[in-house]
Amino acid sequence: MSNLDPEKIPRHVAIIPDGNGRWAEARNLPRNEGHRKGVENVREIVRACSELGIRMLTLYAFSQENWDRPRDEVKAIMRLLSRYLRTEAEELIENGIRVGAIGRLEQLDSRVQRDLERLIRRTEQNDQMRVTFALSYSGRTEIVDAVRQIVRAVESGCLDPDAIDEKCVEAHLYARDLPDPDLLIRTGHESRISNFLLWQLAYTELYVCESLWPDFGKPELVKALLAYQNRERRFGRTSAQLRREP
Ligand code: IPE
Ligand code: IPE
Ligand code: MG
């Protein structure tokens, strides 16, 4: 941990916490046990990120496509989510963490919606760190929803089509006030984005690790941060150009 450069801690880390099912299956446990462990680990990693000075963490908790999983698994995940949202408030408030959510939240069970709204409200004054949960989230539907809003604005005469630029599109995304992630971590060894933050990941550093999400602790997080700190973020330019800059 001491090897981490405090000056180069990524401001915004996004995580695809994958591998709960495989973690359980490897132990001959039901998949839902993996989800239970996975939720416990969310608590650990939020704590670790806050200790390491990460200002924003976005967690892919449930994708649009995850609705197609077996009914019982979806129900178990919703129950676990609801419990997490109800039991975390004290610690989050104590640590100055503000909670947010992105996705088609109206599709969530009404109980989860209620718990989520309550937690968002209770933590909205906090300013030490922001934790955003992507729920019922799809990067493609996020872009579709933005396009719909933009077209409505054009139709009502409030927006000139020639004024549509990247900034305008960004202003219509779900979390319009969150900067793009600096680092994306995917646990569970799959090298894909799975429809997460398609627009925002354009220049994010990607880090895939073998650990399954319930096994991904602070040491693994530090390893990911060290890998990030050794990357050169060029944004299309050359190394020489970067070196010449102050
Ligand atoms: C990620 O773990 C959690 C959710 C998608 C909700 P998985 O359930 O996808 O675990 P694996 O990939 O099957 O091991
Ligand atoms: C991505 O994991 C979504 C979440 C972690 C919530 P999946 O397990 O759903 O992704 P695929 O199906 O392997 O791409
Ligand atoms: Mg998976």
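Okay, one definition before anything else: when I sort residues by class today, Ala, Val, Leu, Ile, Met, Phe, Trp, Tyr, Cys and Pro count as nonpolar, Asp, Glu, Lys and Arg as charged, and the others, Gly among them, as polar. Keep that handy, and keep in mind too that what you see on the screen is a predicted model.

Let's start with the second largest pocket, where we can use those classes right away. Its lining splits into eight nonpolar, two polar and five charged residues. There are 15 lining residues, and R98, V99, G100, A101 and R130 are the ones nearest the centre. Which elements give two or more residues to this lining? They are strand 3, residues 97-102, and strand 4, residues 129-137. Strand 3 gives the most, with five residues. As for space, this pocket holds about 190 Å³.

Now over to the largest pocket, at about 680 Å³. Here 30 residues make up the lining, and if you look for the centre, P17, N20, Y60, A61 and N66 lie nearest to it. Four elements each put in at least two lining residues: helix 1 (20-25), helix 2 (31-52), strand 2 (56-63) and helix 3 (71-87). By class, that lining has 14 nonpolar, eight polar and eight charged residues.

So what takes up the space of the largest pocket? Ligand 1 does, and ligand 2 sits in the largest pocket as well. Let's take them in turn.

Around ligand 1 you'll find P17, D18, G19, N20, G21, R22, R31, H35, A61, N66, R69 and I77. Helix 1 and helix 2 each supply at least two residues of this shell, and helix 1 gives the most, with three. Sorted by class, the shell has three nonpolar, five polar and four charged residues.

Zoom in on the oxygen atoms of ligand 1 and you can pick out some polar contacts. At N20, a backbone N or O atom is 3.1 Å from a ligand 1 oxygen. At G21, again a backbone N or O atom, the distance to an oxygen of ligand 1 is 2.9 Å. R69 uses its side chain: a polar atom there lies 2.7 Å from an oxygen atom of ligand 1. On its own, ligand 1 has 380 Å² of accessible area, and the protein covers 86% of that.

Next, ligand 2. Its surroundings are I16, P17, D18, Y60, A61, F62, N66, R69, R186, R192 and S194. If you compare the two lists, you'll spot R69 around ligand 1 and R69 again around ligand 2. Which element provides the largest share of the shell around ligand 2? That's strand 2, with three residues. The classes here come out as five nonpolar, two polar and four charged.

For polar contacts with ligand 2, look at three side chains. S194 has a polar side-chain atom 2.6 Å from an oxygen of ligand 2. For D18, a side-chain N or O atom is 3.2 Å from a ligand 2 oxygen. And R186 puts a polar side-chain atom 3.4 Å from an oxygen atom of ligand 2. Ligand 2 has 390 Å² of accessible area on its own, and 77% of it is covered by the protein.

Last stop, the cavities. How many are there of 30 Å³ or more? The count is two. The largest cavity has a volume of about 60 Å³, and its lining is H12, T58, I102, A175, L178, P179, P181, L197 and Q200. Check those against our classes and you get six nonpolar, three polar and no charged residues.

The second largest cavity comes in at about 40 Å³. Lining it are R43, V46, R47, E88, E91, L92, N95 and I97. By class, we have three nonpolar, one polar and four charged residues here. Helix 2 and helix 4, which runs 89-94, each supply at least two of the lining residues, with helix 2 giving the most, three in total. You've met helix 2 before, by the way: it also supplies residues to the lining of the largest pocket and to the shell around ligand 1.

That's the tour. Have a go at finding R69 and S194 on the screen, with their polar side-chain atoms 2.7 Å from an oxygen of ligand 1 and 2.6 Å from an oxygen of ligand 2. Thanks, everyone!

Definitions and conventions. Residues are numbered from 1 along each chain as its sequence is written. Chains are lettered from A and ligands numbered from 1 in the order in which they are written. This is a predicted model: local features need pLDDT of at least 70, side-chain atom pairs count only at pLDDT 80 or more; totals for chains, interfaces and linings use all residues. Side-chain values use heavy atoms; hydrogens and water are left out. On a 1 Å grid over the protein atoms alone, a cavity is a set of points where a 1.4 Å probe fits but cannot get out, and a pocket is an open set with protein on both sides within 12 Å along at least five of seven lines; lining residues have an atom within 4 Å of a point. Grid points are joined across faces, edges and corners, and a volume is the space filled by probe spheres set on the points. A residue is near a molecule or strand if one of its heavy atoms lies within 4 Å of it. A polar contact is a pair of N or O atoms within 3.5 Å; within protein, one must be able to donate a hydrogen and the other to accept it, and residues adjacent in sequence count only if both atoms are side-chain atoms. Accessible areas come from the Shrake-Rupley method with a 1.4 Å probe; for residues, only the protein chains shown count as cover. A molecule sits in a cavity or pocket if more than half of its atoms lie within 2 Å of its grid points.
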